[in-house]
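Student: Before we begin, could we go through this structure by asking, for each term used, what justifies it?

Tutor: Yes; let us look at it together and set each value against its criterion.

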Amino acid sequence: MNAAPVTGPAPDAFFALRDVHAYYGESYIVQGVSLEVRKGEVLALLGRNGAGKTSTMRAIARADEPAVMRGEIWLEGQPVHQMKSWQASQAGIQLVPEDRRIIPGMTVEENLILSQVAPNKGWEIAQIYEHFPRLAERRNQEGITLSGGEQQMLAVARALAREVKLLLLDEPYEGLAPVIVREIEHIVQDIKARGITTIIVEQNAVAALRLADRAVILDSGELVFTGSAQELLDNADLRNRYLAI
Ligand SMILES: Nc1ncnc2c1ncn2[C@@H]1O[C@H](COP(=O)(O)OP(=O)(O)OP(=O)(O)O)[C@@H](O)[C@H]1O
Ligand SMILES: [Mg+2]
């Protein structure tokens, strides 16, 4: 089934979800999520295991599943809810999935080149290497033989090789040592400084909140908090209830 028809004008926000409902078959997972992200902002999307964070990110990127059955998704006035995943990607929505999806049998550089689409509006390979010196050193190494942290860098770099208006990072710090987490954090800060808007999903809420301007908390597919990152850091009750930190 297709998403519901457009019912209203695009909101002013750079990026917005309006009452999005999404399903895996009969399973009702994303239950009426509305949120807004301003241009250049980092939004932390937090919540317990199974809260629906990945599902929300997949809905935004217009993955086949979960299917968005109701609601609207807007990027700079464009109706993303009417797009297929490749159109959302072309519109500038780039999802870096939790499993990183490095392509086996290809070097670092081949993974990067494959991500570029003609006409290329993303970062040039040289620019990527400038920002990711570890990838430059390993350009001829097979991508899947990289360390976890390096694979995460490659996954982010691949997103940048396309035009990025909204970067969706699903658990970029998962399984990484604190020193590598810091390195990835610097990369995200650098991306932010270039005006790229980001939604970051993280179990490591403290690390995500260090970067984020604002935060939302999902619980059982519904938003239970929207506010500034600082408000959440200051609210022990919310953190205990929904994040266990
Ligand atoms: N392909 C699927 N088919 C059916 N149900 C699914 C599917 N993928 C996820 N779910 C269910 O949707 C709910 C939300 O899952 P989701 O992966 O979005 O959570 P999450 O917040 O990202 O959790 P985590 O922190 O563990 O990554 C869970 O109950 C999960 O079992
Ligand atoms: Mg997840």
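Tutor: Let us start at the ligand, where helix H1 gives three residues to the shell around ligand 1, the largest share. The model is a predicted one, and helix H1 (53-60) and strand S2 (27-37) each supply at least two residues of that shell.

Student: Which residues come nearest to ligand 1, and how many surround it?

Tutor: There are 13 residues around ligand 1, and those that come nearest are Tyr24, Asn49, Lys53, Thr54 and Ser55. Sorted by class, the shell has eight polar, three nonpolar and two charged residues.

Student: Why is H1 called largely enclosed by the rest of the structure?

Tutor: A residue counts as buried if 20 or more other C-beta atoms lie within 10 Å of its own. Eight of the eight residues of H1 are buried, and therefore the helix is described as largely enclosed by the rest of the structure. The buried residues are Lys53, Thr54, Ser55, Thr56, Met57, Arg58, Ala59 and Ile60. After H1 comes Arg62, with a positive phi near 65 degrees.

Student: How do you know that strand S3 is largely enclosed too?

Tutor: The argument rests on burial: five of the five residues of S3 (residues 42-46) are buried, so the strand is largely enclosed by the rest of the structure. Val42, Ala44 and Leu46 point one way from S3, whereas Leu43 and Leu45 point the other way, and all are buried. In a regular strand the side chains alternate between the two faces of the sheet.

Student: What makes S3 and strand S8 a pair?

Tutor: Two strands pair if at least two bridges are found between them, and S3 and S8 (residues 197-201) have four, in the parallel sense. Leu43 has Ile199 as its bridge partner in S8. Strand S9 (residues 214-219) also runs parallel to S3 and is joined to it by four bridges, with Val216 as the bridge partner of Leu45.

Student: Why are the buried residues of helix H3 said to line one face?

Tutor: In H3 (residues 108-115) the buried residues are Val108, Asn111, Leu112 and Ser115. Seen down the axis of H3, they fall within an arc of 95 degrees, so they line one face of the helix. These buried residues pack against helix H4 (125-131), helix H5 (133-137) and helix H6 (148-160).

Student: Why is Thr226 called partly exposed?

Tutor: Exposed residues have 12 or fewer other C-beta atoms within 10 Å and buried ones 20 or more; Thr226 has 15, and is therefore partly exposed. Thr226 is found in strand S10 (residues 222-228), and it touches Leu35 and Val216, leaving aside residues up to four places away in sequence.

Student: What makes the chain as compact as a globular protein of its length?

Tutor: The secondary structure of the chain comes to ten helices and ten strands. Its radius of gyration is 17 Å, close to the 18 Å that the globule rule gives for 245 residues, so the chain is as compact as a globular protein of that length. The C-alpha atoms fill a box of roughly 45 × 40 × 35 Å along the principal axes, and buried residues make up 43% of the 245 residues. Among the contacts with a separation of 6 or more, 68% are between residues 24 or more positions apart.

Terms used: Residues are numbered from 1 along each chain as its sequence is written. Chains are lettered from A and ligands numbered from 1 in the order in which they are written. This is a predicted model: local features need pLDDT of at least 70, side-chain atom pairs count only at pLDDT 80 or more; totals for chains, interfaces and linings use all residues. The radius of gyration is taken over C-alpha atoms; the globule rule is 2.2 Å times the number of residues to the power 0.38. Two residues are in contact if their C-beta atoms, placed from the backbone, lie within 7 Å. The arc is that of the directions from the helix axis to the C-beta atoms. A residue is near a molecule or strand if its C-beta atom, placed from the backbone, lies within 6 Å of it. Ala, Val, Leu, Ile, Met, Phe, Trp, Tyr, Cys and Pro count as nonpolar, Asp, Glu, Lys and Arg as charged, and the others, Gly among them, as polar.
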